[in-house]
Amino acid sequence: MAAGAGGLTAAGVIALPHGSPEGSGKAPAHLRGAAPLPYAQFISLDIPLGSERADAVRAAHQAITAIDGGDIAAWLALGEGALPSRTVRPRHVRKMPSFTGDLLNPAQSHGDLLLHITGSSARAVRQAAKRALRALPQQQVRWRADGTRPENRTEDGRGLSRNPFHFTEGHGNPATAAEITERATIRAGQGEPSWAIGGSYEVIRIIRLATDFWDRDTLDEQERITGRRRNGRWLDGTASTERAVFATDPHGKITPLDAHVRRAAPNPRTPPPMVRRSYNYHRAPDDQGLIFSCFQSDLEKGFEAVQRRLQGEAMAKYTLTTGGGYFFVPPPGEAWLSALTES
Ligand code: HEM
């Protein structure tokens, strides 16, 4: 599926275009392409009690490797239950806590394994998911979610899409392959076990959005809640591709202090160390929203620090997190598999 961890250090290796021979051969699937592929299935599996965990993980790795490539980018991520306690675990591997305001449905949360399958068409993703699950008859599906990225595109090096609130997502993401790697990938010297170097912490949050309620607000109110215009321009007029300066607006007259982007990144010049690659979901008119997904090299400095700052943001009354989980995407290659059996 992918090159060894050594390939990760070379800037330019990660975010190659989809479909290029290098893109499909070398970049780890979860960071391939500036914009993620527009369709996705998230399939969380439980390893039945009594099963040999390492065998189950190996089988899932093989199933996902067999479908990755061409118009599919697919990867395996491990929940805490996939890593036997005798293994030297990555430091932040744990069950996702319930944050203030969450209403986590256990049937939509956590899991031992995550198959994250993305593709250029819904049909290709469905078929790939079917193939992977057929190869894993022992595993039990815990939850599944289908996602799409409307108006998926790359602008100025960043992958953008339109979220269910009609706003463009992705401007705050890094624009170069080197920055994506830097934010998302574990390096030596971070105090992580050596087998985890080149891996990534993945967070999934299934966030129901009250779109009816949101759509009753004026565009001006929506933009003040978000802290950017729908098209990504900042409220002080700064272009979407530039970084605004909040220091000149200390009382939040232009960009309110509780606006989403102001809470997420109080100093836009030092953006949070995470890479967001989210999808929209639509299960029913009253159950639609965001399958928020992000990757980082340090879960606490990345997702958790931002999530804490978002508490009390103006957007909170339109959102309800009902599921998701914490997972670990192992480094490219297969060397990590032996860490599960040897330690
Ligand atoms: C509740 C659903 C959410 C919606 C509708 C939403 C929407 C947005 C929008 C429209 C932007 C501005 C464009 C962009 O930079 O992508 C943005 C930025 C951002 N969001 Fe969210 N978001 C949501 C949840 C989250 C969560 C759960 C987190 C992390 C805990 C998060 C972290 C961020 C970050 C880090 C930025 C970029 C800030 C910057 O660097 O300027 N968002 N979000």
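## Overall build

The secondary structure of this protein comes to nine helices and twelve strands. The radius of gyration is 19 Å, close to the 20 Å that the globule rule gives for 343 residues, so the protein is as compact as a globular protein of that length. Please keep in mind as you read that this is a predicted model.

If you drew a box along the principal axes, the C-alpha atoms would fill roughly 60 × 40 × 35 Å. Of the 343 residues, 54% are buried. Chain parts that are far apart in sequence also meet: among contacts between residues at least 6 apart in sequence, 73% join residues at least 24 apart.

## Surface and charge

The accessible surface comes to about 14,500 Å². Carbon and sulfur atoms account for 51% of that area.

What about charged side chains? There are 42 positive and 36 negative ones. The centres of these two sets lie 0 Å apart.

## The iron atom and its histidine

Which protein residue is a donor to the iron atom of the ligand? His260 is the only one, and its NE2 atom is 2.1 Å from the iron. To find this histidine in the structure, look at helix 7, which covers residues 260–264.

## Helix 4 and the loop after it

Helix 4 runs over residues 177–184, and its buried residues are Ala177, Ile180, Thr181, Arg183 and Ala184. An arginine is on that list, next to an alanine in sequence. What covers these buried residues? The cover includes strand 8 (200–209), strand 9 (275–276) and strand 11 (287–296).

As general background, an α-helix has 3.6 residues a turn, so residues three or four places apart point the same way.

Threonine 185 lies in the loop between helix 4 and strand 8. With a relative accessibility of 5%, threonine 185 counts as buried, because the cut-off for that label is under 20%. Its C-alpha atom is 8.0 Å from that of phenylalanine 295, although 110 residues separate the two in sequence.

## A buried glutamate in helix 6

Is glutamate 223 buried or exposed? With a relative accessible area of 8%, glutamate 223 is buried. This residue belongs to helix 6, which spans residues 219–226.

Leaving aside neighbours within four places in sequence, glutamate 223 is in contact with Phe167, Arg228, Arg229, Arg230 and Leu235. Three arginines are therefore among its partners, Arg228, Arg229 and Arg230, since contact here means heavy atoms within 4.5 Å.

## The loop between strands 5 and 6

Two residues of this loop can be looked at together. Aspartate 156 is found in the loop between strand 5 and strand 6, and glycine 157 lies there too, with strand 5 covering 153–155 and strand 6 covering 158–162. Aspartate 156 is exposed, with a relative accessible area of 52%, whereas glycine 157, at 28%, counts as partly exposed. Aspartate 156 also has a positive phi, near 55 degrees, in a residue other than glycine.

Which residues does glycine 157 touch, not counting those up to four places away in sequence? They are Ala34, Pro174 and Ala175. The C-alpha atoms of glycine 157 and alanine 175 are separated by 4.6 Å, while the two residues are 18 apart along the chain.

## Histidine 110

Histidine 110 has a positive phi of about 65 degrees, although it is not a glycine. Where is histidine 110 placed? Look in the loop between strand 2 (72–78) and strand 3 (113–119).

Histidine 110 is buried, with a relative accessible area of 15%. Beyond its neighbours within four places in sequence, histidine 110 is in contact with residues from several parts of the numbering, including Ser44, Lys95, Met96, Arg142, Trp143, Gly325 and Phe327.

## Isoleucine 72 in strand 2

Isoleucine 72 has its place in strand 2 and counts as buried, at 5% relative accessibility. Its contacts, apart from neighbours within four places in sequence, include Arg32, Leu37, Ile67, Ile117, Thr118, Gly119, Ala124 and Val125.

How many residues apart in sequence are isoleucine 72 and serine 121? They are 49 residues apart in sequence, and 8.9 Å apart in space, C-alpha to C-alpha.

Methods
Residues are numbered from 1 along each chain as its sequence is written. This is a predicted model: local features need pLDDT of at least 70, side-chain atom pairs count only at pLDDT 80 or more; totals for chains, interfaces and linings use all residues. Side-chain values use heavy atoms; hydrogens and water are left out. Helices (H or I, at least four residues) and strands (E, at least two) are DSSP runs, numbered from the N terminus. The radius of gyration is taken over C-alpha atoms; the globule rule is 2.2 Å times the number of residues to the power 0.38. Buried means under 20% relative accessible area, exposed over 50%, partly exposed in between (1.4 Å probe, protein chains only). Accessible areas come from the Shrake-Rupley method with a 1.4 Å probe; for residues, only the protein chains shown count as cover. Lys and Arg count as positive and Asp and Glu as negative; His and the chain ends are not counted. The place of a charge is taken as NZ of Lys, CZ of Arg, CG of Asp or CD of Glu. Donors are N, O and S atoms within 2.8 Å of the metal (3.2 Å for Na, K and Ca); water is not among the atoms, so sites may look incomplete.
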